Amino acid sequence: QEPAHFLNKLLFCLFAEDIKLLPEGLFTRVVTRGVKRPETFNRNVSGLFDAMSTGGEFSLEDIPYFDGGLFSDGDVVPLGAGELKVLAEASRLDWSSVEPAIFGTLFERSLDPSQRARLGAHYTSKEDILTIVEPVLMVPLRREWAEVRARANEEAKQAAIQTGRTASNTLQRAERELSGFAERLRKVKVLDPACGSGNFLYVSLKELLDLEKEVSTFAGEIRLTPFFPGINPEQLYGIETSPYAHELAQVAIWIGYLQWLVENGFGARKEPILGPMTNIVEMDAIQGRDEDGTLREPDWPEADVILGNP
């Protein structure tokens, strides 16, 4: 588990550097120097992890406060020159637009083939994931949105032909319709009780964010103020038995979230950049045990929607 945790931290650093959350080229310099002098890598990367955990300074550069628990320890796994060369090659790639769903492949390849079959761990395409996410999570919300949009649009039309306080009050009713639905989206809780590396949760998050953005865009179209997205990974819950996949799922979801913010023009999240990575719990979703060893049905997190890979 120690190397798996270390790998997750390295993955996030590769992404954070290319999406400009870390100073440009900083992580790559740490790795490149490590190739030339492997004995410096552990010390330097541990210092970087510490700075990312609390915010501060590293190598004369200001480092944002990441938090989230991912970097709460500065532990590193010693890498040899050959391993550092592989990491250096990876650091030269552009990780800013990496598809978070591919992290599931890392989980699969870490498993013995016989274990992979027993656990049912395999890559599921976004198209297949949407065949579950769309009807279970999004169709009911889109139905609500169509009704809210129609009411808000009617209010906006009325306001356009009114004047003074009457027009203002009518437009405020439209605003309450939109803000109320946006708040509704921000309270939706989604649970995947066998989440693996988090692909179903990541796709759910992206679909919710896209719908919230549609609400915000429509607000601008009817002369109301668009708003910053409030949906975030803390609305997603998962259960997973693998310690590696349990943490990898949280890393993938947060990468997908930060990526969506930047790609949609909202910039980086305010510090701390990462929220607490506690919503995905490491346990057996079917069988639990009391302190005395008695079998019992485990407690699941409360959620509005339960989905996952059938």
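# Reading Salt Bridges, Aromatic Pairs and a Sheet

User: How should I read the surroundings of a charged residue such as R149: what relative accessible area does R149 have?

Analyst: The model is predicted. Relative accessible area is read against two cut-offs: under 20% is buried and over 50% is exposed, with partly exposed in between. R149 has a relative accessible area of 32%, so R149 is partly exposed.

User: With which residue does R149 form a salt bridge?

Analyst: The general idea is that side chains of opposite charge can pair when their charged atoms come close. Here R149 forms a salt bridge with E214, and the closest N and O atoms are 3.9 Å apart. The two partners belong to distant parts of the chain: R149 sits in helix α7 (residues 126-160) and E214 in helix α9 (residues 199-221), 65 residues apart. E214 is also partly exposed, because its relative accessibility is 34%.

User: How many salt bridges are found in the whole structure?

Analyst: A search of the whole structure gives 14 salt bridges. One of them joins R173 to E155, with 3.4 Å between the closest N and O atoms. This pair also links distant parts of the chain, with R173 in helix α8 (residues 164-186), E155 in helix α7, and their positions 18 residues apart. R173, at 37% relative accessibility, is partly exposed.

User: Where do the partners E183 and R186 lie?

Analyst: Both lie in helix α8, three residues apart, which is about one turn of the helix. Their salt bridge brings the closest N and O atoms to 3.7 Å. E183 is partly exposed at 36% relative accessible area, and R186 is partly exposed at 24%. Elsewhere, E134, R142 and E207 are joined into one network by salt bridges that share partners.

User: Let us turn to the aromatic rings. How many aromatic pairs are there?

Analyst: The count is eleven aromatic pairs. To classify a pair, one reads the angle between the ring planes: over 60 degrees is edge-to-face. F6 and F49 have ring centres 6.2 Å apart and planes at 70°, so this pair is edge-to-face. F6 is in helix α1 (residues 2-18) and F49 in helix α3 (residues 38-54), distant parts of the chain 43 residues apart.

User: Are F6 and F49 buried or exposed?

Analyst: Both are buried. F49 also pairs with F71 in a tilted arrangement, with 5.4 Å centre to centre and 45° between the planes. F71 lies in the loop between β2 (61-63) and α4 (81-91), 22 residues from F49. The relative accessible area is 0% for F49, and F71 likewise counts as buried at 0%. F6, F12, F15, F49, F66 and F71 form one aromatic cluster.

User: Finally, what is the order of the strands in the open sheet of four strands?

Analyst: The order is β5-β4-β3-β8, with parallel pairing. An edge strand is recognised by its single partner: β5 (280-282) and β8 (305-306) each have one, so one side of each is left without a neighbour in the sheet. Three bridges join β4 (residues 236-240) to β5, and E240 has E282 in β5 as its bridge partner.

User: Which strands does α9 lie across?

Analyst: Helix α9 lies across β3 (190-192), β4 and β5, and runs at about 160° to β3. Helix α10 (residues 243-263) packs on the sheet as well, touching β4 and β5, with its direction at about 170° to that of β5.

Key: Residues numbered from 1 in each chain as written. Predicted model: local features only at pLDDT ≥ 70, side-chain atom pairs only at ≥ 80, totals over all residues. Heavy atoms only, no water. Salt bridge = Lys/Arg side-chain N within 4 Å of Asp/Glu carboxyl O. Helix = DSSP H or I, 4+ residues; strand = E, 2+ residues; numbered from the N terminus. Buried < 20%, exposed > 50% of the residue type's maximum accessible area, 1.4 Å probe, protein only. Phe/Tyr/Trp six-rings, centres within 6.5 Å; stacked < 30°, edge-to-face > 60°. Pairing = 2+ DSSP bridges. Contact = heavy atoms within 4.5 Å. Axes fitted to C-alpha atoms, helices over the stretch in contact; angles between N-to-C directions.
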